[in-house]
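The following exercises are to be worked with the sequence and the coordinates at hand. Each task is followed by a solution in steps.

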Amino acid sequence: MLAVTKLFNESENMAAIPVSDTRIWLRSVAERRDRHAFEQLYGYFAPKIKGYMLRQGADDASADDLAQETMVQIWRKANHYDPQKAAVSTWVFRVARNLQIDRMRKQKFYELTLDTDVSSNVENLQHDEQLENHPDTDRLKKLIGELPEEQIDVVRLAFFEGLSHSEVSCRLSIPVGTVKSRLRLAFGKLKTGMGEQI
Amino acid sequence: MKITHHADDATILAYAAGTVSEGFSLLLKAHMELCSHCRERMSLASDLGGELLCELEPVPMSREGLSNVLSVIEADTLDSVTPFKSPSVSSDMTSVLSEYVPHRLDELPWQRLMPGIRQYQLAGIESGNGSVRLLSISPGIRIPHHTHLGGELTLVIEGAYEDEIGHFKAGDLADLDASCNHQPVAVGNKPCICLIATDDKLRFTGLLSRMVQPLIGI
């Protein structure tokens, strides 16, 4: 119980956690079933996942349960995470999102499998540093911060409140076409800024 | 396979956010299994979701939260760890489809809608007011002029069609919204087979097709 209390105190300062730490923790869970590393992941992600579930419309008790359940899935599926393909936050978001769709919307969701077998990739890496820029989360964070308010608002309504284009349109009293064009503008800036030829 | 028609950025973001219908998610997954252009954008959209999650204000977990989770994972047997399965890699549209459709295309119990047009409705996919269906359109046959109350995604499985927007062949995805009024025609020498998902009813604009719409149920 002492460890739990300590973790809660630490969680007040979690904003300072570097991205590379979350990656080390998740890999320790995947490779060594490291309970301590898992508790670190819990301290950082569970309160954010709870916040996500609340924004999606869950009440406090359900949001807590769903965040706990997401953490259990993270433990069980840690070996699916491929550090070369995505940031830890991306992977955690997908686990939380899928659980939310399944439990709250009671809907099946056909998810594109972006994962590949992590064990074969790990062998090819001599140093963890080689993974530093997959993807460049600092750059992405900066680009998100530079988006005009009206664009990031629409993005947030889709990602956090689970609103479809037409629901965002009703919420903001703007035409669906405007919702889509704001999303396209925002995403266009991110694509250009990340230097992707897409 | 060279794919020239893709999902709209706004659709990719909705897919990454998880706000599309089940039917839309099926079509987008099927298209992206073959389309690296959309896969890359999907990857960036998912990174965006992850980054936004990190920016969320943390909400304190219940006192017993961590001990609950630890007791669940301590009770885990080896079986509880989800084994990693390499995703199956599909090389053409028909193999992508085999995951969702129980028979080969030529063995499906097709239903005749009108001369030259047959459909097969995919069962058990939640799509609100919309639907997910396969259409087989004989060469030279036109689908009546229609617009959409909601969105419509069309994935070409075999053959090709043309409309006001362009030429669509196997693997191409048409991502249309309510403002689009189009009249596709199957081209080439074999039927064009498409997977079509709508999230609301189509609206036929011609008088005759408005009369048959209740009968064909599109």
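**Exercise 1.** State into which domains chain A is divided, and how many residues of each are in contact.

*Solution.* Step 1. In this predicted model, chain A comprises domain 1 (1-125) and domain 2 (136-198); such bounds come from an automatic or database domain assignment. Residues are numbered from 1 along each chain as its sequence is written, and chains are lettered from A, with ligands numbered from 1, in the order in which they are written. As the model is predicted, local features need pLDDT of at least 70 and side-chain atom pairs count only at pLDDT 80 or more, whereas totals for chains, interfaces and linings use all residues.

Step 2. Five residues of domain 1 of chain A are in contact with four residues of domain 2 of chain A (contact: C-beta atoms, placed from the backbone, within 7 Å).

**Exercise 2.** Determine how many helices and strands chain A has, and describe helix α2 of chain A.

*Solution.* Step 1. Chain A has ten helices and zero strands. Both are DSSP runs numbered from the N terminus: helices are H or I of at least four residues, strands E of at least two.

Step 2. Helix α2(A), residues 19-32, has 14 residues and reaches 20 Å from its first C-alpha to its last, close to the 20 Å expected at 1.5 Å a residue. The expected span is 1.5 Å times one less than the number of residues.

Step 3. Buried residues make up 39% of the 198 residues in chain A; a residue is buried if 20 or more other C-beta atoms, placed from the backbone, lie within 10 Å of its own. Those of α2(A) include Trp25(A), Leu26(A) and Val29(A), and also Arg23(A) and Arg27(A).

Step 4. After α2(A) comes Arg33(A), with a positive phi near 50 degrees.

**Exercise 3.** Trace how strands β1, β2 and β3 of chain B pair.

*Solution.* Step 1. Strands β1(B) (residues 111-114) and β2(B) (residues 117-121) run antiparallel and are joined by three bridges; strands pair if DSSP finds at least two bridges between them. Met114(B) has Ile117(B) as its bridge partner in β2(B).

Step 2. The hairpin of β1(B) and β2(B) has two residues between the strands, and Gly116(B) takes a positive phi near 85 degrees.

Step 3. β2(B) also pairs with β3(B) (residues 131-137), in the antiparallel sense over five bridges. Here Leu134(B) is the bridge partner of Tyr120(B).

Methods. Buried ≥ 20, exposed ≤ 12 C-beta atoms within 10 Å, placed from the backbone. Contact = placed C-beta atoms within 7 Å.
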